[in-house]
Amino acid sequence: MTPRHPAAPAARRARLRTLAVGAALGGLLLGAAAPAVAAGPAAPRPATAARESAPATVTVIGSGSASAAPDIAVLSIGVEATRKTAQEAMAAQKTSAQALLDALRAQGIADRDIRTESLSLSPVYSQSPEGESKVTGYQAGQSFSVRVRDIDKAGQVVGAVTEATGDAGRVNGVVFDVSDPTALRAKAREAAHRNAHDKAAQHARLSGHKLGRLVSLTEGESVRPTPGTMPSAPADGGEGVPLAPGEIEEHVTVTAVYELV
């Protein structure tokens with residue numbers, strides 16, 4: 001009979017303990033990994049479903065205008081003087097500007113309707129036959145913006161100013177306007193809305209849809225008249241200058257987005 005080795009049972013027990021510990025660790029690792037698999041990203045929704053839920057729209061630009069007779073005139077007038085020295089030029093310009101202001105006040109123009117737009121002093125150059133530039137004098141000028149609230153007197157005011165200032169007088173431009181454009185702009189806005197709606201309705205009909213609700217509306221800047229300009233030139237004297245006021249137009253644009261159903 002072969003004798004049993006005393007260390008065999010101890011070695012077997014050690015191997016069994018190692019296997020048990022390994023199995024336990026494996027179970028813990030598998031349990032920790034399971035939630036990560038369950039928390040994976042959901043499958044994305046098809047893009048076609050999002051497209052089908054969004055309604056079709058049409059974007060149009062509507063324009064509208066309204067006109068009215070002007071009730072004010074804005075004159076751009078001034079004086080200009082050229083002398084050998086800067087002091088002499090400024091003194092002559094000052095005298096002519098005072099004459100212009102006195103003529104305006106004599107025509108009933110209030111001080112609140114007279115505004116200085118610019119004041120200038122610059123050298124005057126001449127060129128010699130050799131091509132050299134030389135200062136031969138100085139030119140001083142002053143321009144005014146004048147609001148005439150009685151447009152029937154606008155030509156009379158221009159004539160009075162040019163008569164008072166003589167060769168120093170300058171007429172740079174005139175514009176007719178309305179003192180309060182609120183009502184005129186409201187009419188133009190209504191016309192722009194109608195134009196936008198009519199365009200959108202036509203697009204809906206042509207595409208086999210019906211016009212749905214208004215989604216958004218944006219108004220652009222309205223167009224207002226601006227003072228006309230012309231090269232500065234001496235104004236002829238006289239009792240009055242014939243002027244044609246015409247009509248003032250206000251233009252409004254809107255951008256509208258409608259649903260198509």
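**View 1. Gly-78 and Ser-143 mark the pairing of strands S2 and S4.** In this predicted model, Gly-78 has Ser-143 as its bridge partner in S4. Strand S2 covers residues 72-83. It is joined to S4 by eleven bridges. The two strands run antiparallel. S4 itself spans residues 133-148.

**View 2. Strands S3 and S4 form a hairpin.** S3 takes in residues 114-127. It pairs with S4 over 13 bridges, in the antiparallel sense. Thr-116 stands opposite Phe-144 of S4. Five residues lie between the two strands of the hairpin. At Gly-131 the phi angle is positive, near 90°.

**View 3. Ser-145 sits in strand S4.** Is Ser-145 buried or exposed? It is buried: its relative accessible area is 15%, and the cut-off for buried is under 20%. Which residues does Ser-145 touch, leaving out those up to four places away in sequence? They are Val-74, Leu-75, Asp-113, Ile-114, Arg-115 and Glu-117. Of these contacts, Leu-75 also has a place in the pairing of S2 with S5, where it stands opposite Val-174.

**View 4. Four strands make up an open antiparallel sheet.** The strand order is S3-S4-S2-S5. S3 and S5 are the edge strands, and each pairs on one side only. S5 runs over residues 169-177. Eight bridges link S2 and S5, again in the antiparallel sense. On average, neighbouring strands are turned by 15° against each other, direction ignored. In a regular strand, side chains alternate between the two faces of the sheet.

**View 5. Helix H4 lies across the four-stranded sheet.** The strands that H4 lies across are S2, S4 and S5. H4 runs at about 10° to S2. Its residues are 154-165. The loop between S4 and H4 holds Asp-152. Asp-152 is exposed, with a relative accessible area of 71%; the cut-off for exposed is over 50%. How far apart are Asp-152 and Asp-71 in sequence and in space? In sequence they are 81 residues apart. From C-alpha to C-alpha the distance is 9.1 Å.

**View 6. Helices H3 and H4 cross.** H3 spans residues 86-106. Its axis comes within 8 Å of the axis of H4, and the two cross at roughly 150°. The crossing is right-handed. Which residues meet at this contact? H3 brings Ser-96, Ala-99, Leu-100, Ala-103 and Leu-104. H4 brings Val-157, Ala-160, Val-161, Ala-164 and Thr-165. Eight of the contact residues are nonpolar, two are polar and none is charged. H4 thus takes part in two views: it meets H3 here and lies across S2, S4 and S5 in the view before.

**View 7. Three strands make up a second open sheet.** The strand order is S1-S7-S6, with antiparallel pairing. Strand S1 (56-68) and strand S6 (211-219) stand at the edges. Each has a single partner strand, so one side of each is left without a neighbour in the sheet. The twist from one strand to the next averages 30°.

**View 8. Strands S6 and S7 pair, with Glu-219 opposite Val-254.** S7 takes in residues 248-260. Six bridges join it to S6, and the two strands run antiparallel. At one of these pairings, Glu-219 has Val-254 in S7 as its bridge partner.

**View 9. Helix H5 lies across the three-stranded sheet.** H5 spans residues 182-206. The strands it lies across are S1, S6 and S7. It runs at about 145° to S1.

**View 10. The whole chain gives the setting for the close-ups.** How many helices and strands does the chain have? There are five helices and seven strands. From the N terminus on, the order of elements is α-α-β-β-α-β-β-α-β-α-β-β. The chain has 261 residues, and 28% of them count as buried. Contacts at a separation of 6 or more come mainly from residues 24 or more positions apart, which account for 86%. The accessible surface is about 17000 Å². Carbon and sulfur atoms hold 56% of that surface.

Notes:
Residues are numbered from 1 along each chain as its sequence is written. This is a predicted model: local features need pLDDT of at least 70, side-chain atom pairs count only at pLDDT 80 or more; totals for chains, interfaces and linings use all residues. Side-chain values use heavy atoms; hydrogens and water are left out. Axes are lines fitted to C-alpha atoms, for helices over the stretch in contact, and angles run from 0 to 180 degrees between N-to-C directions. A crossing is left-handed if the near helix is turned anticlockwise from the far one by less than a right angle, and right-handed if clockwise. Contact means heavy atoms within 4.5 Å. Ala, Val, Leu, Ile, Met, Phe, Trp, Tyr, Cys and Pro count as nonpolar, Asp, Glu, Lys and Arg as charged, and the others, Gly among them, as polar. Two strands pair if DSSP finds at least two bridges between them. Buried means under 20% relative accessible area, exposed over 50%, partly exposed in between (1.4 Å probe, protein chains only). Accessible areas come from the Shrake-Rupley method with a 1.4 Å probe; for residues, only the protein chains shown count as cover.
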